[in-house]
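Reader: Could you take me through one part of this structure up close? I'm new to this, so I'd love to hear about the salt bridges and what sits around them.

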Amino acid sequence: MKNIFTINLNNRGVRYESEEPIVRVQTDSNVTEMQEVKSAEIEAFQGVEYKEILTKLSQLKILNSLSSICFIFLLFCPIKPALILLPIIGLVLKVLIYTTWRVSLIYNFQDGYETAYKNRVDAWLKLNKSKELTQVVQSGKVKNKKLTAGMSESFKREKIKISSGKPAYIHTNVKVVRIDLKKETLYILPDKILIEKNGKLGAVDYRKTRIDVNRDEVKNGDCHIPSDTSVSRYSWQYVNRDGSPDKRFKDNKKVPICWYGGIYIQSPEGLNVKIFVSNVNLAMELEMAMLQEY
């Protein structure tokens, strides 16, 4: 029998602020004290309100992994034909997991709200068209802005991917946004965000998750300017307070300060994600879509 969860969606509700979990990391720079930007451990996202669904999903995830392992024994069947039973068991498990046993999340939208949700999903997926789509994995306040082109904060970023997808053991009647981050994967549903981290699952209430979109200045230290961004201004790598170049440095060069879309995802449980998008217009489209409540 399928595990079916039916959700009736009303208004979005209230957003809540949360403190950002920060872990200090070692750095050789004498300019900033870099800190790791990360979310809480997966256990923080396993609240009692999601215990039933997370338990079922975790069980299916384990069974799905075991069924995949069973297929490995096909390699040994020429030596021991009896081992053919294990791949057959694996195949049966796969069929059951993807059909009868999978968890169904069925959403019933109020009139007009289905379009609002689709617009939000489309806006998320459009972000993947940006020339640069990165996650901030470390950040730090600058001790001496004169050494960093006048910028007050430094970032370390890594590429990420946003796509449409869901775990195979979930069936739903809506499109799901998947965000592949450095240490976790997020699945954005109409009422919740599923989090997969270190092989475990968690969830947070979408209505209590804060998603802000800003227009931020980012220093492109390698002088590379993505074709879909715009330059806010140019500065010198080593700059005086009045904006003139510091002539004590021989190899001082101009660096572009570019406009990026900054997307910040935070929840009371400790979800903490910072994303930079080179195409500010696409980020602003997401902000507009977020304003359409469902």
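Author: Sure, let's start with one pair: Glu196 and Lys61 form a salt bridge, and their closest N and O atoms are 2.4 Å apart. Keep in mind that this is a predicted model. Glu196 sits in strand 11 (residues 192–197) and Lys61 in helix 1, so this pair ties together parts that are 135 residues apart in sequence. Are the two partners buried or exposed? Glu196 has 18% relative accessibility, so it counts as buried. Lys61, at 17%, counts as buried too.

Now stay with helix 1, which covers residues 51–72 and includes Ile72. Ile72 has a relative accessible area of 45%, so it is partly exposed. It belongs to a nonpolar patch on the surface, along with Ile62, Leu66, Ile69, Leu75, Phe76 and Ile79. Together these residues have about 720 Å² of accessible area. Here's some background: in soluble globular proteins, nonpolar side chains tend to be buried together.

Back to the salt bridges: the structure holds 15 of them. Another one joins Arg157 and Glu132, with the closest N and O atoms 3.6 Å apart. Arg157 is in strand 6 (residues 153–159), while Glu132 is in the loop between helix 3 (113–126) and strand 5 (133–141), so this pair ties together parts 25 residues apart in sequence. Here the partners split: Arg157 counts as partly exposed at 27% relative accessibility, whereas Glu132 counts as buried at 17%.

Terms used
Residues numbered from 1 in each chain as written. Predicted model: local features only at pLDDT ≥ 70, side-chain atom pairs only at ≥ 80, totals over all residues. Heavy atoms only, no water. Patch = residues over 30% accessible without salt bridge, like charges linked within 9 Å, V, L, I, M, F, W, Y side chains within 5 Å. Areas by Shrake-Rupley, 256 points an atom, 1.4 Å probe, with all protein chains shown as cover. Salt bridge = Lys/Arg side-chain N within 4 Å of Asp/Glu carboxyl O. Helix = DSSP H or I, 4+ residues; strand = E, 2+ residues; numbered from the N terminus. Buried < 20%, exposed > 50% of the residue type's maximum accessible area, 1.4 Å probe, protein only.
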